[in-house]
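Biologist: Could you take me through one part of this protein in close detail, and then show me what else the fold contains? A connected walk-through would suit me best.

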Amino acid sequence: MVAETPHVRRNQMTRGELADGAASGQVSAGLHRQSGGDHTVSVPAGVELRVAAPQPMALLLDQFDRTLLVPTLDRLGCTHFDRPEAELLGEAQPLNNFELIFIGAARVSDDEGIHTLREVLALNPSATIILLCRKELMTPPLLVAAMQAGVSDVADCRDAIALSTSIERVLRKADTRAERVLAIGAHPDDVEIGCGGTLLDHRRRGDLVSVLTLSRGAVGGDQSERILESTATAVSMGAQLFLADLPDTCVDPGVETIRTIEEIVRMVDPTVIYVHSKNDNHQDHRAVHIAAMSATRGVPQVFAFQSPSATNDFAPTRFVAIDEVIVRKVEVLGIFESQRHRSYLEPEMVIASARYWARNLAPRARYAEPFEILRSMTRTPTQPPTSSTSSLKPAPVVNIHRLGVEA
Ligand SMILES: [Zn+2]
C-alpha cells in the first residue's frame, strides 16, 4: 500500500527549511536522478521521504561566457556552483558530488591551473571535465593540452545545441555507471556510524545513496531533534533519506518490517545493501537484520556493518578503505548533537576504530570500515563495477589535528 505525497523543492537546505519540512510533513521528489522537471513520487504508508536524491551538480571553475550555459544547466535539472577552486579546496563542505566541471581555455595552458584542477578532480574522481571556449580558439595545440589535462569534451559556449548535447551525454553516462546503494538502520545515526565512510565513498564515486531509517529514535532522545539531525546528515552526505516510524526498542522482525523494507527496495532497486549484523546486542538491530534478509533476497550484494553494540561474534571479511573520507565521516557524525554524550561518537573513537580495521588492508589503507558478507553474487559484465578495495588509491595522511584529536 502506498500513499501519494506532495513534493517540494529540496537541494541544499537550511536547518530552518528542514524544520519546516518536518513540521508540514512535506517531502521532496526524485527517487532517481532525472533531467529536469518537477515530479511526484509515492512512498509506502508510514514512511516519509525526508530528503530526495540530490540533483546532479556542476562546478563552473573559470571565467567564461555563461550566457547559454547557466540556462542549459537549469533546464536539465543540474545544480551549478560558481566558485574559485581555492575557496573550494580550503573549505570543509562536501566536494564529492560534482558530475561536471567546466573550465576555460586559459587553465589548460597553465601549469598551476592544471595542478589545482587535479586537486579538485582528486576530490571528485567521477566528474567529467568540459572545456568551454569559442570555436575559433579550438586550435590543435589547445586541444592536445586539454586532453593532457584530463578534459573529456569541448564545447563552444555560444552553441546551445552543442552545450546541451555534451551535458546530456555526461548525465546519461553518470546514470548508467552508478551503483544504487541502500543502507538500512534501526535508529537515526546507525548507518552513519556503521558505514558512513563507505556511503561517502560511494557518493565520491558518483553512486546513488539512499538511507532507510526504520524508527525515529524516541527512546534515545528528543524525537523531533533526532529527525532534524538525520535530515541534515542525509543532505550533508548527498543521500536520499526514507524515515519510517516503527516503535523504538520494539522493532519487530516480522511482516510489517519486511514489507516496509520491501517497498523501499522496490523503489530504489539497489545493487548494494548495507544493514545491521545479527551479531548485535540491540534487539532492534537484530530485528532489522532478520527482516532485511527476507526483504532484500533479490539484491546481489548485501553486507552487514558494525554497530557500537556489536558482539564479539561480529566477524568481518570485507573491508572498505575510507582514507579519502574519514574526516568527512567525523564531521557528519558531529551533526548528531543530541547524541554527543555517547562515547562511540567521539572523534577519537571513530578514528581509532577505522584505524584498527585498516590493519586488514595495510599498507594500502590507514582507515577502513568492516563488513560481514551476507550475500555477494557474481556480477554480469553489463553491470557497473562496485566500489571495492581493488581500486584503492594510496592512503593520504589525515590531518588528525583538524578533528580536534591529539595524534
Ligand atoms: Zn541503533
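Modeller: Happy to! Let's start where strand β6 (residues 57-60) meets strand β7 (residues 79-81): the two run parallel and are joined by 3 bridges. One pairing to look for on screen is M57, whose bridge partner in β7 is T79. Please keep in mind that this is a predicted model. Between these two strands in the unit comes helix α2 (residues 69-75), and β6, α2 and β7 together make a right-handed β-α-β unit.

β6 has another partner as well, strand β8 (residues 98-104), with which it pairs in the parallel sense over 4 bridges. Here A58 is the residue to pick out, as it stands opposite L100 in β8.

Now for the side chains of β6. In a regular strand, side chains alternate between the two faces of the sheet. In β6, M57 and L59 lie on one side, while A58 and L60 lie on the other. All four of these residues are buried, so both faces of the strand are covered; "buried" here takes 20 or more other C-beta atoms within 10 Å of a residue's own. For the protein as a whole, 46% of the 407 residues count as buried.

Stepping back from β6, the secondary structure comes to 13 helices and 17 strands. Another part to view is an open sheet of 8 strands with mixed pairing, in the order β5-β13-β12-β11-β14-β15-β17-β16. Its edge strands are β5 (47-51) and β16 (318-321), each of which pairs on one side only. From one strand to the next, the twist averages 25 degrees.

Within that order you will find strand β14 (residues 272-276) beside strand β15 (residues 301-305). The two pair in the parallel sense over 5 bridges, and H276 stands opposite F305 in β15. Helix α9 (residues 223-237) packs on the sheet, where it touches β5, β12 (208-215) and β13 (240-246). The direction of α9 makes about 50 degrees with that of β5. Another helix, α13 (residues 347-357), lies across β16 and β17 (368-376); its angle to β17 is about 60 degrees.

One last number covers the whole chain: among contacts between residues at least 6 apart in sequence, 76% join residues at least 24 apart. If you go back to β6 after that, trace its two parallel pairings once more, with β7 and with β8.

Definitions and conventions: Residues are numbered from 1 along each chain as its sequence is written. This is a predicted model: local features need pLDDT of at least 70, side-chain atom pairs count only at pLDDT 80 or more; totals for chains, interfaces and linings use all residues. A residue is buried if 20 or more other C-beta atoms lie within 10 Å of its own, exposed if 12 or fewer, and partly exposed in between; C-beta atoms are placed from the backbone. Two strands pair if DSSP finds at least two bridges between them. A crossover is right-handed if, with the strands pointing away from the viewer, the path from the first strand over the helix to the second runs clockwise. Two residues are in contact if their C-beta atoms, placed from the backbone, lie within 7 Å. Axes are lines fitted to C-alpha atoms, for helices over the stretch in contact, and angles run from 0 to 180 degrees between N-to-C directions.
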